[in-house]
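Here's a quick briefing on how some helices pack against each other. Have a look at the structure first, then read on.

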Amino acid sequence: MNPTVVGRGAVSCFGRGAARLVDAVFAGEQGLRPRARLAKVECLTSVAGEVPREVVDAAGDPTRLPLAMAADAARQAITEWGSAPDRHTLLVLATTKADLSGIAPHGGAGFGSPHRLATALATELRFPGPTAAVSCACASGLAALAFAGRALRAGRFTRALVVGVDALHEFVVRGFSALLALAPGPCRPFDRARDGLSLGEGAGAVLLSAVDGEAGAELLGWGESNDANHITGPSRDGTGLALSITRALRSADVPPDAVDAVHLHGTGTPFNDAMEGRALARVFAVPVPAAGSKAQLGHTLGAAGLLESLIALGIVERTGLPPNLGLQELDAECPPTLQAAATPLPRAERVLKVAAGFGGINAAVLWGARR
Amino acid sequence: MNRAIHVAAACTVDVVGVRNSAGTTVDWQQLDVDPQRARIAWREEFGGDARAFRRLDPTTRMVWIAAAACGLDELPEPLRERTGLVLASASGCLAADLRFAAGLHVTAGIEPALFAYTLPSTALGEVAIRHRLRGPTLFLSVPSGREAAGVDAGLDLISAGEADAALVLCGGWLPAVVAEPVGAVAETRIDALLLRLAEASATPTISPSDGAALLEWARSETAGHGDRPADPA
């Protein structure tokens, strides 16, 4: 049987809760706002998708934010499920930079180490099962879902709590700024005039179950690949991401025409968005309806795969696509089905979520309706 | 899915040098470098293109050398499409993180090219480019001493049919001179295994039981033939 989703949680620029996140995205709310906590950081953008200070109490210390957000999202997922995880439940953490204490000018010994953060999260949650910490650049969240799905399919665990988290920090913001990757204002993925990405932060959690009788939306399959092409840029022809998608469909044992919609990575950089158009064209003979959400959330890095999977599940449940904020004139190289406004779908039984990251890493996850 | 897997090659990169299961041994004195300070030079037998090698950060250089020492240059072209990469490390990219962070508060101190290396998976991306590997790519952050989780992950990728081969790298490169000033634990060893799906006609070198046993076997395989224990089959 396929793993089913029995719990969800989110902390995002829209506040607490997976429902709040999905409602806000479908309503077209803008979560990218003038930088507040990061106002003094010198960089090439005026906005960010910061989690409002009143949402998560990290005592003003940015290095405490990752644990606070991850624990909050995880607890929401556990609460929705309604029971306590046992030692047969695996905790998988996805993050790119974890807790940067000990590196940046703050005390502590986080050292940007995912496993240290995963251990801290397990302690915070009094989690009795084993932990794993995955870091695969901006594909971390989907890679963590694949890791958990693999473990569940192999029968080694009965459930898996997958949490993705990253907090905005001067280290990250100035790094992307130095690469000239940031849009000056809110990013505009897929638009002809797009000029870079916007950064965001948050945590997303999904509790997966492989227990008979625990019904929910299904994790149908996953696929991963490497471009083997460039460290910071995607392959121009989209073959790497297309390979991931093809592998995800094979993992789910469904043909391309069984996919009803795609939730895109859509960073807003010229190369990424065009690459996604080419990748989809390689796999789908008929263009498939698509949308992305980073124009509202920002790029939440290690949290993106989880937060945006929650949106993909929202597409399944609402039988419709959220808007593509900031899209005024669709770039001819991007997926042709993208619409500026939210659009209903004739069917949303299977929705694909894709991601791509530095190091040429690609991942795709196929979500299915509750059975 | 039950698929027979064998270890095609193993190597160790540590403070002594580079040793692999094919019998190649190169020590750092021969290379005229100081591994404790993470000054790692280019050598034809491990580095490939010198210009590409020189732009790498020290940790990535060690991973690159380990990949080459496992014989990835000889991997059949069709297999590269389905060869995965796994790195299980406690230190990850901490050395690059510290160097990048040091530049944040110095005028013109930021090194844009270094930013990509502040992701622990980037070292694997460099190996993928170098050897044209297009399988799944996974970085696992592990506590020191738990690197065998990477071997388990590599076995899982092949067992699940998601890859037909996997290069698994266990360990990292964070010399004491970098680690101690910030209170981190140094890590100066990478053990690597090239796992392959056994062809129907091939006799598996070993039957993998679990990652920890395989990693121990690989370490003994590269330690010298005299003290090699029995296969863990």
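A word on terms: axes are lines fitted to C-alpha atoms, for helices over the stretch in contact, and the angles between N-to-C directions run from 0 to 180 degrees. Keep in mind that this is a predicted model. Two helix pairs are covered below, one in chain B and one in chain A.

**H9 and H11 in chain B**

- Helix H9 (residues 148–159) of chain B packs on helix H11 (residues 211–223) of chain B, with an angle of about 110° and axes 7 Å apart.
- That angle makes H9(B) roughly perpendicular to H11(B), since 65 to 115 degrees counts as roughly perpendicular.
- H9(B) goes past H11(B) in a right-handed crossing.
- On the H9(B) side, the contact is made by B:Ala148, B:Val151, B:Asp152 and B:Leu155, and they meet B:Gly211, B:Ala212, B:Leu214 and B:Leu215 of H11(B).
- Sorted by class, the residues of this contact are six nonpolar, one polar and one charged.

**H2 and H3 in chain A**

- Over in chain A, helix H2 (residues 65–81) and helix H3 (residues 114–125) have axes that come within 10 Å and cross at roughly 50°.
- H2(A) and H3(A) are therefore oblique to each other.
- The crossing of H2(A) past H3(A) is right-handed.
- H2(A) brings A:Pro66, A:Leu67, A:Ala70, A:Ala71, A:Ala74 and A:Arg75 to the contact, where they meet A:Leu117, A:Ala120, A:Leu121, A:Glu124 and A:Leu125 from H3(A).
- Nine nonpolar and two charged residues make up the contact of H2(A) with H3(A), with no polar ones.

Terms used
Residues numbered from 1 in each chain as written. Chains lettered and ligands numbered in written order. Predicted model: local features only at pLDDT ≥ 70, side-chain atom pairs only at ≥ 80, totals over all residues. Heavy atoms only, no water. Helix = DSSP H or I, 4+ residues; strand = E, 2+ residues; numbered from the N terminus. Parallel < 35°, antiparallel > 145°, perpendicular 65-115°, else oblique. Left-handed = near helix turned anticlockwise from the far one by under 90°. Contact = heavy atoms within 4.5 Å. Nonpolar A, V, L, I, M, F, W, Y, C, P; charged D, E, K, R; others polar.
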